[in-house]
Amino acid sequence: MELKIKTKKREEIVDITIQIENLVKKSKLKEGLCLVYVPHATAAITINENYDPAVCEDFLEALRKIAPKGIWKHDKIDGNGDAHIKAAIIGPSEVIPIKNSKLALGRWQGIMFCEFDGPRERRIIINLK
Ligand code: ZN
């Protein structure tokens with residue numbers, strides 16, 4: 001299965017929990033695993049709080065401190081050295097257990113798509129087993 005999203009900013013965190021939950025519901029899978037994966041080198045998937053939007057802003061700010069823009073060798077190629085580093089730190093996937101036909105997420109957890117070099121159209125691959 002695949003989702004497509006259009007990001008609006010260079011850096012953006014998009015909550016995709018509801019879309020993934022709907023796919024799990026449709027699949028009728030009671031117990032199993034849900035893999036969420038992005039086939040991109042400057043985007044990532046993470047699980048974090050989706051209630052207070054400041055959490056996402058802090059998360060992006062922390063990554064900017066670790067990997068500031070414009071100081072990397074790769075910037076000579078396409079100006080996005082920082083985006084590759086951020087994507088590598090966060091990683092391209094998460095696996096969430098499915099219990100009783102639902103994602104076994106904690107109360108404050110949401111599945112977040114992380115854009116580090118937008119805006120552009122992105123693919124998210126979902127595999128349920
Ligand atoms: Zn690049």
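Which residue in β5 is the bridge partner of Val-36? The partner is Glu-94, and that pairing is a good way into the larger of our topics, the sheets.

## About the model

This is a predicted model, in which local features need pLDDT of at least 70 and side-chain atom pairs count only at pLDDT 80 or more, while totals for chains, interfaces and linings use all residues. Residues are numbered from 1 along each chain as its sequence is written, and side-chain values use heavy atoms, with hydrogens and water left out.

## The five-stranded sheet

Val-36 and Glu-94 belong to a pair of strands, β3 and β5, that run antiparallel and are joined by 6 bridges. Helices and strands here are DSSP runs numbered from the N terminus (H or I with at least four residues for helices, E with at least two for strands). Two strands count as paired if DSSP finds at least two bridges between them.

The open sheet around this pair has 5 strands in the order β1-β8-β3-β5-β6, with antiparallel pairing. Its edge strands are β1 and β6 (102-103), each of which pairs on one side only. Helix α1 packs on this sheet and touches β1, β3, β5, β6 and β8, its direction making about 35 degrees with that of β8. For such angles, axes are lines fitted to C-alpha atoms (for helices, over the stretch in contact), and values run from 0 to 180 degrees between N-to-C directions. Contact means heavy atoms within 4.5 Å.

## The three-stranded sheet

A further open sheet has 3 strands in the order β2-β7-β4, again with antiparallel pairing. Here the edge strands are β2 and β4, each pairing on one side only. Neighbouring strands of this sheet are turned by 35 degrees against each other on average, direction ignored.

Strands β4 and β7 run antiparallel and are joined by 7 bridges, and Ala-44 stands opposite Cys-114 in β7. Helix α4 packs on the sheet, touching β4 and β7, and its direction makes about 50 degrees with that of β4.

## Nonpolar cores

The largest nonpolar core has 20 residues, and those with the most contacts inside it are Ile-20, Cys-34, Val-36 and Ile-124. The elements giving two or more residues to this core are β1 (2-6), α1 (17-27), β3 (32-37), β4 (43-49), β5 (93-99), β7 (109-115) and β8 (121-128). A nonpolar core is a set of buried Ala, Val, Leu, Ile, Met, Phe, Trp, Tyr and Cys residues joined through side-chain atoms within 4.5 Å. Buried means under 20% relative accessible area, exposed over 50%, and partly exposed in between (1.4 Å probe, protein chains only).

Leaving aside residues up to four places away in sequence, Cys-34 touches a set of residues including Ile-20, Val-24, Glu-94, Ile-96 and Leu-128. There is also a second, separate core of 12 residues, with Ala-83, Ala-87, Cys-114 and Phe-116 among them.

## Helix α4 and its salt bridges

In helix α4 (residues 81-90), the buried residues are Gly-81, Asp-82, Ala-83, Lys-86, Ala-87 and Ile-90. These buried residues pack against β4, α2 (53-66), α3 (75-78) and β7. The helix is followed by Gly-91, whose phi is positive, near 95 degrees.

Lys-86 forms a salt bridge with Glu-11, with the closest N and O atoms 2.5 Å apart. The pair links distant parts of the chain, as Lys-86 is in α4 and Glu-11 in the loop between β1 and β2, 75 residues apart. Lys-86 is buried at 2% relative accessibility, and Glu-11 is buried at 12%. A salt bridge is a side-chain nitrogen of Lys or Arg within 4 Å of a carboxyl oxygen of Asp or Glu, and by this rule the count comes to 10.

## The wider network

Arg-10, Glu-11, Glu-61, Arg-64, Asp-82, Lys-86, Asp-117 and Arg-120 are linked in a network of salt bridges. In one of its pairs, the side chains of Asp-117 and Arg-10 meet at 3.7 Å, N to O. Asp-117 is buried at 15% relative accessibility, whereas Arg-10 is partly exposed at 22%.

Glu-61 and Arg-64 also meet in a salt bridge, at 2.9 Å. They are 3 residues apart in helix α2, so about one helical turn separates them.

## The zinc site

The zinc ion is coordinated by His-74 (NE2), Asp-78 (OD, twice), Asn-80 (OD1) and His-84 (NE2), at 2.0 to 2.6 Å. Along the chain, the donors follow the spacing H-x3-D-x1-N-x3-H. Donors are N, O and S atoms within 2.8 Å of the metal (3.2 Å for Na, K and Ca), and water is not among the atoms, so sites may look incomplete. His-74 is partly exposed at 30% relative accessible area, and Asp-78 is partly exposed at 46%.
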